[in-house]
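User: I should like to learn how to read a model of this kind. Please take me through it one feature at a time.

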Amino acid sequence: MITRDQQAEIDAARAATAQTRRATVPALEAMLFQATPVLDHGFVRVIDYMGDDAAIVQAARVSYGRGTRKVSEDAGLIRYLMRHRHSTPFEMAEIKYHVKLPIFVARQWIRHRTANVNEYSARYSILDREFYIPSPEHLAAQSDSNRQGRGDLLTGDAAAEVLDILRSDAMRTYDNYAHMLNEAPDGAPLDPARQGLARELARMNLTLNTYTQWYWKCDLHNLLHFLSLRTDAHAQYEIRAYADAMLATVEAWVPQTFAAFKDFRLGAVTFSAGMLAVLKRMLAGEAVDQKASGLSKREWGEMMAALGREG
Ligand SMILES: Cc1cc2nc3c(=O)[nH]c(=O)nc-3n(C[C@H](O)[C@H](O)[C@H](O)COP(=O)(O)OP(=O)(O)OC[C@H]3O[C@@H](n4cnc5c(N)ncnc54)[C@H](O)[C@@H]3O)c2cc1C
């Protein structure tokens, strides 16, 4: 994951301080630069940030200073903005992460188009010999009911065989990558009698569980959108693991916004007009079933699950 040299660079960055008139957040300063491990070789670390809860309030009020209102009034305004989807004040705060992640997770992540991204160049540099191998509690079979989901855990021989295939294929393709490159760490040819293939071509043979890295910068509004999709139970476990680590940084950075986000997004559900009509009938004492509801079986099931009732 993080090498000794890399940790020394992180420690040096954490030891340096600078005076500023800009808002800083002690809880996030405490996390700054430090890598939070994710999956087997990955991490997320906060590199920089701009703004805090007060900056969101300031932007909403277009005020000249930090203001004299009470914390509870600011929290109330943030809750109002979140509830009514007044999103632009949340765009005034930004955060920058350094992420190390498997390529197949990066392919899902990059679909979020509102961030600024700079990825490690495998045309310029050689990728690390690191692959994601799921831990046994995440080695699941294909779900029967959900084509995008996982079913029961694989165990015993079936699990051992899959782990062996994942490991050996990744190692074999990496060994072939290294062979085609024909490069020692200092750039000299390993075998002087042979010419190495260009890095930009040799990488195409690698498996999707090979780790890549990027710097990823996003404003708070779009970050919350990313987190609402990728912390959700429907998201694949591997990207959810990163989203959960980032959620902890948001809690430290903007606690009032985080609380409102938890209340009005993460913990909230949306009912269609049809569902709301059904709910009103149920509250009036009517015994509504799926057939009488006018909802499809799937919508009915989702509504009952949201209400914590049997379908
Ligand atoms: C559980 C899950 C399963 C998924 N399955 C698949 C799949 O099978 N196949 C697949 O291809 N994708 C899949 N996706 C990806 C998904 O369709 C979105 O591409 C991804 O979640 C990014 O969402 P977004 O566009 O809202 O986010 P962002 O790109 O971050 O955009 C944020 C918001 O900005 C606006 N926006 C950004 N760019 C534009 C634009 N060019 N035009 C108009 N509005 C814009 C939109 O309002 C958008 O919601 C899946 C995602 C999830 C969470």
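User: Which order do the five strands of the open sheet have, and in which sense do they pair?

Analyst: Some groundwork comes before the answer. This is a predicted model, in which local features need pLDDT of at least 70 and side-chain atom pairs count only at pLDDT 80 or more, while totals for chains, interfaces and linings use all residues. Residues are numbered from 1 along each chain as its sequence is written, and side-chain values use heavy atoms, with hydrogens and water left out. Strands (E, at least two residues) and helices (H or I, at least four) are DSSP runs numbered from the N terminus, and two strands pair if DSSP finds at least two bridges between them. Here the order is β1-β2-β3-β7-β4, with antiparallel pairing. At the edges stand β1 (36–38) and β4 (116–119), each of which pairs on one side only.

User: How is the angle between neighbouring strands read?

Analyst: Axes are lines fitted to C-alpha atoms, for helices over the stretch in contact, and angles run from 0 to 180 degrees between N-to-C directions. In this sheet, neighbouring strands are turned by 25 degrees against each other on average, direction ignored.

User: How many bridges join β4 and β7?

Analyst: The antiparallel pairing of β4 with β7 (residues 211–219) runs over four bridges. Within it, N116 stands opposite K217 of β7.

User: Which strands does helix α8 touch, and which does α9 touch?

Analyst: Contact means heavy atoms within 4.5 Å. Helix α8 (residues 220–230) packs on the sheet against β3 (94–102) and β7, and its direction makes about 130 degrees with that of β7. Helix α9 (residues 237–253) also packs on the sheet, touching β1, β2 (42–50), β3 and β7, with its direction at about 155 degrees to that of β3.

User: Which residues are around the ligand?

Analyst: A residue is near a molecule if one of its heavy atoms lies within 4 Å of it. The shell consists of R111, H112, R113, T114, Q148, H225, L229, R230 and H234.

User: Where are the polar contacts of R111, R113 and T114 with the ligand?

Analyst: A polar contact is a pair of N or O atoms within 3.5 Å. A polar side-chain atom of R111 lies 2.7 Å from a ligand oxygen, and a polar backbone atom of R113 is 2.6 Å from a ligand oxygen. For T114, a polar side-chain atom lies 3.1 Å from an oxygen atom of the ligand.

Definitions and conventions
Polar contact = N/O pair within 3.5 Å; in protein donor to acceptor, adjacent residues only side chain to side chain.
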